[in-house]
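Please read the points below alongside the model, taking them one at a time. Each point deals with one part of the fold.

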Amino acid sequence: MRASLIQIAVDEGESVASRRRRTAALVREQAGADLVVLPELWTTGAFAYEAFGPEAEPLEGPTYEAMAKAASDAGVWLHAGSIPERTASGSGSAAGDGPLYNTSLVFSPSGDLAAVYRKIHRFGFDQGEAVLMSAGRDLVTVRLPGTTLGLATCYDLRFPELFRSLVDAGAETLVIPAGWPERRRAHWTLLAQARAVENQAFVLACGTAGTHAGVPQAGHSIVVDPWGEVLAEAGAGEEVLTVDFDPAKVAATREQFPALKDRMLGLEPPRR
Ligand SMILES: O=C(O)CCC(=O)C(=O)O
């Protein structure tokens, strides 16, 4: 299976429309890959909090349209990263005035929507995304020929229980679009390898390059195999990271070193 992770530079000097066109062209250039992955919130930048509201889109907005077309033009599965999604209001009476979500979209090679994942763990403690966006509640897996993807986004990487739940739901390849900051790059690499080793799964983690809202991005998108080996790692700048991997390695690793079978669930709490 061939995956291409497009580590887009998200700099303030470029308009959202220009970056959308440029990204669609980069996706088209990946014809021949099986799966293409984009980063988190690449239209606005993950730290450009002031842009979330103004640039928010309905699910089937301009990014959806451009990415559905790019996926079908290239004939690839496309994890189109995430967008700031403006949902319809709760009453359904007025479209587009409901809560915001950090929403990932996955398209099939014919350009059909295959999955929607709304980021569960919001970043920022009491600021930024944590107050501007609502939290998703649903685990999402996507069946591709040869592997099952488990979806997570950026800060989710710090929550191992989410990934265990995805594995329990059948995930073999964990796909993590991100807008991870340079100042915590060591955590990014370490956590990507940890999630791969503990879940005996491939990890495809695609970040952004550039600087927006004064936050330099880590880049260093990374692909890790179920044994924890780094198969490929990008540098700091804009880059397409292409890697060939064998999805059968998940079952082989789980069979040869069956640690997942030794989980002890439902332990007793400490006695007082
Ligand atoms: O957890 C981190 O250090 C970065 C998370 C983040 O930037 C995000 O989720 O947008």
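1. The crossing of helices α1 and α3 is right-handed, a label used when the near helix is turned clockwise from the far one by less than a right angle, anticlockwise being left-handed. The contact involves R20, A24, V27 and R28 of α1, and on α3 it involves P62, T63, A66, M67, A70, A71, D73 and A74, where contact requires C-beta atoms, placed from the backbone, within 7 Å. These residues divide into eight nonpolar, one polar and three charged, counting Ala, Val, Leu, Ile, Met, Phe, Trp, Tyr, Cys and Pro as nonpolar, Asp, Glu, Lys and Arg as charged, and the others, Gly among them, as polar.

2. This is a predicted model, in which local features need pLDDT of at least 70 and side-chain atom pairs count only at pLDDT 80 or more, while totals for chains, interfaces and linings use all residues. Residues are numbered from 1 along each chain as its sequence is written.

3. The axes of α1 (residues 16-28) and α3 (residues 62-74) come within 8 Å and cross at roughly 20°; axes are lines fitted to C-alpha atoms, for helices over the stretch in contact, and angles run from 0 to 180 degrees between N-to-C directions. The two helices are therefore roughly parallel to each other, a term for angles under 35 degrees. Helices (H or I, at least four residues) and strands (E, at least two) are DSSP runs, numbered from the N terminus.

4. An open sheet of six strands follows the order β6-β7-β8-β9-β12-β13, with mixed pairing, where two strands pair if DSSP finds at least two bridges between them. The edge strands, each pairing on one side only, are β6 (141-144) and β13 (230-233). Neighbouring strands of this sheet are turned against each other by 15° on average, direction ignored.

5. Strands β8 (residues 173-177) and β9 (residues 202-206) run parallel and are joined by five bridges, and P177 has C206 in β9 as its bridge partner. By contrast, β12 (residues 222-224) runs antiparallel to β13, with three bridges, and I222 is partnered by E233 of β13. These two strands, β12 and β13, form a hairpin with five residues between them, and G228 in the turn has a positive phi of about 95°.

6. Helix α5 (residues 160-168) lies across β6, β7 (147-151) and β8, running at about 150° to β7.

Definitions and conventions. Parallel < 35°, antiparallel > 145°, perpendicular 65-115°, else oblique. Contact = placed C-beta atoms within 7 Å.
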